[in-house]
Amino acid sequence: MRTETAGGVRLEDYQPAPYTIDRVDLDIRLAPKATRVSARLSIRRSDNTAPGTPLVLDGDGLKLAGLLLDGSALTFQDYSASPDRLEISTPPSGPFVLDISTELDPDANTKLMGLYRSQGTYCTQCEAEGFRRITYFLDRPDVLAIYSTRIEARKAEAPVLLGNGNLVEAGEIEGTDRHFAIWHDPHPKPSYLFALVAGDLARVPGEFTTASGRRVELGIYVEHGNEGQCGWALDSLKRSMRWDEQAFGREYDLDVFNIVAVSDFNMGAMENKGLNIFNDKYILADPDTATDQDYANIEAVIAHEYFHNWTGNRITCRDWFQLCLKEGLTVFRDQEFSADERSRPVKRISDVRLLKSHQFPEDAGPLAHPVRPRFYQEINNFYTATVYEKGAEVVRMLKTLLGDRAFRAGMDLFFERHDGEATTVEAFLECFRTASGEDLEQFALWYEQAGTPTVAVKSHYDAEAKVFTLSFNQSIPPTPRQSDKKPMTIPVRFALVGKDGSDLAYEAISGAEAKGDVLKLQAPEHTVTFSGIGERPIPSLFRGFSAPVILESDLSEEDYLFLAGKDGDPFNRWQALQSVALSSLVTGTNAAVKDSTIEVDDLLIHALGAVAEDESLDPAFRALALQLPSEADIAREIGSNVDPDAVASARDHLRKAVAQENGTSFARIYDSLSIDGPYRPDAASAGMRAFRNTLLEYLAHSGIEGEAERVRAHFRDADNMTDRLAGLTQLVHARLEGADEALASYYERHGTHPLAIDKWLTVQATAGHPDTLDKVKALTAHPAFSFANPNRLRALVGAFATGNQTQFNRIDGAGFNFVADTVLALDDKNPQVAARLLSAFRSWRALEATRRILAENALRRVTEKPNLSRDVKDIAERSLQ
Ligand code: TRP
Ligand code: ZN
């Protein structure tokens, strides 16, 4: 596709592939520096292709070592080959077989796409366009083939040989030190789902029997010595498999399901058919080295990749513009799984926090794009919060609008109609239209229009007429290449809350379509009238965050604090308190900018104290409710001319005031929260720790006599990583006495465990102190750090760029320059990871003028590098637009 459309790929240019590949037989002879790949492709002309149409296969940096068509060599007139392309000028008009040999150097592959080695283990990553780095192919998701893979390697180097599907045969190659395995995957699949792994790995076994009685062998493969850290991942896998049967009627469809953990991986994990490959941080866990958050992430990522077996693999994407068809839907599914396994409100609040901290800024900046983009320069740059997280919100809204039953019916129809196909967002929506009878034309705009809508609401109560009115106004901001926006379908889950906290009944409603407790906004303006309301209600709107919008409400602080205490919807109780805190922090920031005193809001401080004391609330919920909006949240609310130092001052000031005012109470509650028995990662005990560690943060920053000692003891006495890391973080971030000793003792204890070192790097990189940048630079020379390892790089430089507002945005520009230099140094080696790091600049235009100019200069400097990768060039250029 790219060769035809120089300068990018457009959705409207989609054409079905001119040739079809039915079978792929691979023979891969592994060697570290010279791997030989023999691919036998069974090809035929597609239905509407004229005979004699050239066959053009994709390649990326390939070395052709042999080529036969139907067993015969081709002459130079019959084909042309370059590293990036193989063209057969006049293929036979009937079916034919192409034998292609390529030679690869896995050791030299630093991009971690295609075939590479991680800690000596051979592994592959083919999504999105990595298969073309292994052999020439129609490397696009709508070419579905049946794969057989023969893998051969030195026995000592790679005793374990894994491929997609089921194992057919394995054995020694006599007279040599080599052996082989043949894997066959009966399910037709796109090339991006191909995988192989070969190495000296330990296997942690498991088994699962599906609802219909199929026995599935499960295996998790890790480096020797890590077997003891796979229990949680295996347990999560079995629970995911059961859940997909119960919640969506989806069973597993092969005899084996293998997962391999590797330590060099560009992203989180990959759903290759029957052979998922994971970043080891989403597999390995034990109480001493993994936090509660790690356990929750592992559960979610295991579920996500497993759920792709149906939403992604059995039904895949027609083209990469449809990425959200598998990703948004699968994120929705993994969110629902975690909600069922844990606390639904707590999960929803965490997901919305993530959406607001990652997707909202993306949608508000130069990198904004629709959930289904229509144009890309580099598809790797579209694995974004918008495609994943906003994509999941769109599926969630569909469920909210249609109701549980019609939603499930639509999903069932989707699986029935499109199993085995590569399809589109339109086909997905059509299933819901058929199942529900609802017209979804306007709803489909959620896939097309970028930018976060704002919904402004005004309320009015007429006591005499007993009528309550809500006036809604929606607007969608202009985004790159989309200046005019159409009004969207916006579901508002709501209640009118009475004085006692109950949801008030009303006699009639007019002004918008309503189904149960869901209002459907469709026009730019709606005046919604409720009759028969005997008291002034407080409206609770967008319950459960029923739409990914920014709500501008006319509620007063008292109204919000009322909802914070009384709303029947736990999400909106949390949201109400956040809204009060956010507006108070914006006011505080404005004061800090003017160098005047920051007034603290006593009502808020009191409300936070009350939440901490409220034993009717889940501790996990109390932890979330007590967490103040982040510096990035405050900056986003301010929107333009942001001074990150003023933001931090305001936030520090409020945190300290809350801590001082509630110090005695917080200390007493902290002391009362002890968790007996050995560490368990379940939601209830994790919630307890989260609450206790949130109180610890306040106490650490309180300046109250004796509290520093509490933090030191918390760190010293911790019997699990969650508490140890919380203690370390507070010691370092609050600059308490003993911080350096704690860093040293942590390193002493965990210095040989790379994933624990990542946390150690991140704690230091996210401290909002003037000397942090120097420390981060020094840490790049630490023996435990490695530029080549994406986890290390993200833990240090990535965390600094995205998790340290004051120091990345330093007023001397040194933070920007450091990150830009890192991007430039990484560009040749791993452009995908470099481009991701560069996207930390996405909110640069919202900064005040001095910093804005420095950020712009750093971005311009990146664009000037000769031979800049397409990945980094795309991010830099779009950021500057
Ligand atoms: N499909 C993977 C997921 O969401 C994402 C992924 C893993 C990926 N590795 C990648 C995307 C490399 C692009 C490049 O589960
Ligand atoms: Zn995914």
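How do the residues of the shell around ligand 1 divide into nonpolar, polar and charged? In this predicted model, the split comes out as five nonpolar, four polar and five charged residues. The shell counts 14 residues, and those closest to ligand 1 are Glu 127, Ala 269, Glu 271, Glu 305 and Tyr 388.

Nitrogen atoms of the ligand turn up again and again in the polar contacts. A polar side-chain atom of Glu 271 sits 2.7 Å from a nitrogen atom of ligand 1. For Glu 327, an N or O atom of the side chain is 3.1 Å from a ligand nitrogen, while Gln 125 places a polar side-chain atom 3.3 Å from a nitrogen of ligand 1. As for cover, ligand 1 would expose 370 Å² if taken alone, and the protein buries 98% of that area. Three elements give two or more residues each to the shell: strand S20 (269-270), helix H2 (292-307) and helix H3 (323-341).

Now for the two helices. H3 runs for 19 residues and covers 27 Å between its first and last C-alpha, close to the 27 Å expected at 1.5 Å a residue. Of those 19 residues, 17 are buried, so H3 is largely enclosed by the rest of the structure. H2 has 16 residues, and its first and last C-alpha lie 22 Å apart, close to the 22 Å expected at 1.5 Å a residue. H2 is mostly covered too, with 14 of its 16 residues buried.

Definitions and conventions:
Residues numbered from 1 in each chain as written. Chains lettered and ligands numbered in written order. Predicted model: local features only at pLDDT ≥ 70, side-chain atom pairs only at ≥ 80, totals over all residues. Heavy atoms only, no water. Near = heavy atom within 4 Å. Polar contact = N/O pair within 3.5 Å; in protein donor to acceptor, adjacent residues only side chain to side chain. Areas by Shrake-Rupley, 256 points an atom, 1.4 Å probe, with all protein chains shown as cover. Helix = DSSP H or I, 4+ residues; strand = E, 2+ residues; numbered from the N terminus. Nonpolar A, V, L, I, M, F, W, Y, C, P; charged D, E, K, R; others polar. Expected span 1.5 Å × (residues − 1). Buried < 20%, exposed > 50% of the residue type's maximum accessible area, 1.4 Å probe, protein only.
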